[in-house]
Each structure stands twice: as C-alpha cells, then as structure tokens.
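Student: I'd like a close look at one part of this model. Please pick a single piece and follow it through its surroundings in one go.

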There are 2 protein chains.
Amino acid sequence: MVVGIQREKTKGHESMTGYQHTEFQPGELASLKFDANGLIPAVVQEAGTLAVLMVAWMNRESLELTLKTGYTVFWSRSRQKLWKKGETSGCLQRVREVRADCDADTLLVLVDQTGPACHTGSTSCFFQPLPLTSPEE
Amino acid sequence: MVVGIQREKTKGHESMTGYQHTEFQPGELASLKFDANGLIPAVVQEAGTLAVLMVAWMNRESLELTLKTGYTVFWSRSRQKLWKKGETSGCLQRVREVRADCDADTLLVLVDQTGPACHTGSTSCFFQPLPLTSPEE
C-alpha cells in the first residue's frame, strides 16, 4: 500500500519514512522553481533502506505524471523526451513520497524500487568513491 | 574518527555506510562531468540516519577543498562565491564519503552533520511534501 501525503493528514510530525512534516500547502506545486530549461533535479531515495539510488531531472509534465501515476517519470536530457523509469527494464519505482526542499528548486522522491536502480546493475548509481585526503580526526 | 576511502582499501564490498563499493579509480576525479557553468550537483546525506539533508552545487575548487579539508564546501550560485557550509552558523558537515554516480555527473556526500542542515532550522531541507494523487495499491 502506498500512503500519499494527502491521505496522511500530517502536520508537524514525522512521516513513515522518518522525515519531518510541515503542513501541506496546496499551492506548493505551482511555486516550484524549474530552471532555465524547465527542469528540476530529483533525488531518488529508497524508502525502505534510505539508500540514495539516483538523481534525475523532471520537467513539469514528468512531475505531474509521477504524482498522478505513482511511478517515477523523468525528462531525459540526452534523448529530450519523457522517460518512465523501468519502462523497458522493468525496474520501476513506486512512489511513496515526493518532497520539495526549502528553496523549492530540488525534489526528493522516496520510492519502492524494483530490481537495481542503475543501468549497470548496481543497486544504487552512486558506487564510485572519490579519494578523501583530509586528515583523520 | 573519519574513515576515508583511500584508507579503507575496499573492493567490491559494502562500506560502513552501507553502499556498495567498486574498485577506486585514481583518475575518476579528472573524469567528473561538470556542467556548462562548471558545476556538479552534490546530494548531502547524513551518514548516521541516512536522511537526505540538502542538495547544493560544487565547482572543481569546492570539491577539491571538500576532499582536502574533510568539510563540505560548495559554490553559491546566488552569491557566486565559495561557501563553506556552516561557516557562519556553526552547522558544519564533516565528510565521511564522497561518491560519484555512474554517469560521473552527480555527487553523493555522506556527512556527520552538526546542528540542523537547513537555514530554516529544519534537520533536512526536504520538509515540504507534495500531493500524491495516484490510486492506492
């Protein structure tokens, strides 16, 4: 079962995925800040493990489709078309929550992921560590 | 103690923060893809709770400072200057890991956060839920 924000009627408490809630403002969707290309970055996080799976971009249409269908839809910058995640691979992302940040220019999408999120077969796209050279504390 | 990637000598196993590792490639830093403005988005995740705290942007210099100092440094697009997170508020982010995604065009930074990450006083910047209108399953 997917519990949407409207159904939770939450106010000032923690959601099932551990994030703080503030009162839902119906006008928030209209006030989102898309960039000069009409896009907003979306961080996708697995609701169960809280692993960050990937970051992709949405335009207004893909966001509306995501909210309406309950599955992530992005805008492919390379192919310049809507892209339902997992449409060919079957690795769909069922949406549990969508949250905007304080500046309303970035989204966080909590999902139930089917199969690996990454096209390489990795659970998460973030599998390449960079070298920290800072001194140990 | 902060355990950097180089110190872990990990290969194909899970790190202390639960993410899969692949072998570290020394050339990865040079192969990162910065956008037309010389920036790369960085998702900041709390290492302990795995909450996504914020998304900000880095240029090459701020990334190098982050890796070298062990504290997050970003590029402020609004102020057009380097911005050490928490420099004025004291809400510093000690870096545990920095990871690139499969396309090398997005970063994930795992941190120990001092105080709230958000300038509003919220633990995470992602506190504004959007309405899901999809049918329940």
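Tutor: Let's take one edge strand of a sheet and work outwards from there.

A quick word on conventions: this is a predicted model, with local features needing pLDDT of at least 70, side-chain atom pairs counting only at pLDDT 80 or more, and totals for chains, interfaces and linings using all residues. Residues are numbered from 1 along each chain as its sequence is written, chains are lettered from A and ligands numbered from 1 in the order written, and side-chain values use heavy atoms, leaving out hydrogens and water.

Our piece is β2 of chain A, residues 52–58. It belongs to an open, mixed sheet of five strands, ordered β2(A)-β1(A)-β6(A)-β5(A)-β7(B). Strands here are DSSP E runs of at least two residues, and helices H or I runs of at least four, numbered from the N terminus; two strands pair if DSSP finds at least two bridges between them. β2(A) is an edge strand, pairing on one side only, and so is β7 (128–129) of chain B. Further in, β1 (40–46) and β6 (107–113) of chain A run parallel, joined by five bridges, with Q45(A) opposite L110(A).

Now the packing. The largest nonpolar core has 26 residues, and M58(A) is among the five that touch the most other members, along with L32(A), L63(A), V98(A) and L107(A). (A core joins buried Ala, Val, Leu, Ile, Met, Phe, Trp, Tyr and Cys through side-chain atoms within 4.5 Å; buried means under 20% relative accessible area with a 1.4 Å probe, protein chains only.) β1, β2, α2 (60–69), β5 (93–100) and β6 of chain A each give two or more residues to this core, and β2(A) gives the most, four. Beyond four places in sequence, M58(A) has contacts (heavy atoms within 4.5 Å) that include F34(A), I40(A), L63(A), W75(A), L107(A) and V109(A).

Finally, the second largest pocket holds about 730 Å³. M54(A), A56(A), R79(A), W83(A) and D103(B) are the closest to its centre among 29 lining residues, while β2, β3 (73–76) and β4 (81–84) of chain A each give two or more residues to the lining. On a 1 Å grid over protein atoms alone, a pocket is an open set of points where a 1.4 Å probe fits, with protein on both sides within 12 Å along at least five of seven lines, and lining residues have an atom within 4 Å of a point. Volume is the space filled by probe spheres set on points joined across faces, edges and corners.

Methods
Buried means under 20% relative accessible area, exposed over 50%, partly exposed in between (1.4 Å probe, protein chains only).
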